Amino acid sequence: MAAAAAAVESYVVVHNVAKRHNVGTLARSASAFGVAEVVIVGRRDFNSFGSHGSSSHLRFRHFHSLSDAQLYLHNERDCDICGVEITEDAVAVSQHPFRKSTAFLLGNEGTGLSAKEIEICDFFVYIPQYGGGTASLNVTVAASIVLHHFGVWAGFPERRREGNKFVLAEKPTRQDRKNYFLESAESIIAERKLRRENASSDFFNGKKIDDAQSDLLDGLFSA
């Protein structure tokens, strides 16, 4: 697959993650394993703690609904949507059942993928376990394993090493607005409606969000 690596990309879809800090850590893994874009569905704000600055090297795109994200990934990016979940037809990720560019959708830490999330997936992979001490993995750990396997299958070139670490890319001075979801009047109204509907039950963990600390994406989208 290495010969076609330039034409193959990976994406991560973030929706319904229960613990806000997991999204920041997931961004760090996405950056390490060459993810082309992080697609945020629903509310745009999250706690960037755990990203260690990696989020500045990523592209973000926002949609208000799973169906809009599905249309974008299928029609504009020509990629499959892979649910990371133990289902009857799930294939072990170690078998690398990939065909082309792929967007990975991971389930909520407690409940897994919802029925609506399952509906938009083209296929499923699971991560084999060999010990009996836990029933599942943390969502960011699962993401790291799956993204690494995809990178191996796709033949992504390994990053240059220096000493005992990998060499960092130069930090972008300003994110290019064209890489992000452009807000129309209709989308702003839709998001405000969504915020009202979820006011009594925060999207991530049921607590009021501290905008000063966690509204990273608002800054990215308005850059």
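**Ser 144, two cores and a pocket**

Let me begin with one residue, Ser 144, whose place is in helix 4, and I should say at once that what we are looking at is a predicted model. Is Ser 144 buried or exposed? Its relative accessibility is 19%, and because the cut-off for buried is under 20%, Ser 144 counts as buried. If we leave aside residues up to four places away in sequence, Ser 144 touches Ser 29 and Phe 33.

From there I would like to turn to the nonpolar interior. The largest nonpolar core has 29 residues, and those that touch the most other members are Val 38, Phe 98, Phe 104, Val 125, Val 146 and Phe 150. Two or more residues come from each of several elements, including helix 1 (20–32), strand 2 (37–41), strand 6 (102–106) and helix 4 (139–154). Helix 4, with eight residues, gives the most to this core.

Let me stay with Val 38 for a moment, which, again not counting residues up to four places away in sequence, touches Val 12, Val 14, Ala 30, Leu 58 and Phe 60, and also Arg 59 and Arg 61. Apart from the largest core lies another one, of 19 residues, with Val 39, Val 41, Leu 73 and Ile 81 among them.

Finally, a word on open space. The second largest pocket has a volume of about 400 Å³, and of the 19 residues that line this pocket, Val 84, Glu 85, Ile 86, Ser 136 and Leu 137 are the closest to its centre. As for the character of that lining, 10 of its residues are nonpolar, seven are polar and two are charged.

Key: Residues are numbered from 1 along each chain as its sequence is written. This is a predicted model: local features need pLDDT of at least 70, side-chain atom pairs count only at pLDDT 80 or more; totals for chains, interfaces and linings use all residues. Side-chain values use heavy atoms; hydrogens and water are left out. A nonpolar core is a set of buried Ala, Val, Leu, Ile, Met, Phe, Trp, Tyr and Cys residues joined through side-chain atoms within 4.5 Å. Buried means under 20% relative accessible area, exposed over 50%, partly exposed in between (1.4 Å probe, protein chains only). Helices (H or I, at least four residues) and strands (E, at least two) are DSSP runs, numbered from the N terminus. Contact means heavy atoms within 4.5 Å. On a 1 Å grid over the protein atoms alone, a cavity is a set of points where a 1.4 Å probe fits but cannot get out, and a pocket is an open set with protein on both sides within 12 Å along at least five of seven lines; lining residues have an atom within 4 Å of a point. Grid points are joined across faces, edges and corners, and a volume is the space filled by probe spheres set on the points. Ala, Val, Leu, Ile, Met, Phe, Trp, Tyr, Cys and Pro count as nonpolar, Asp, Glu, Lys and Arg as charged, and the others, Gly among them, as polar.
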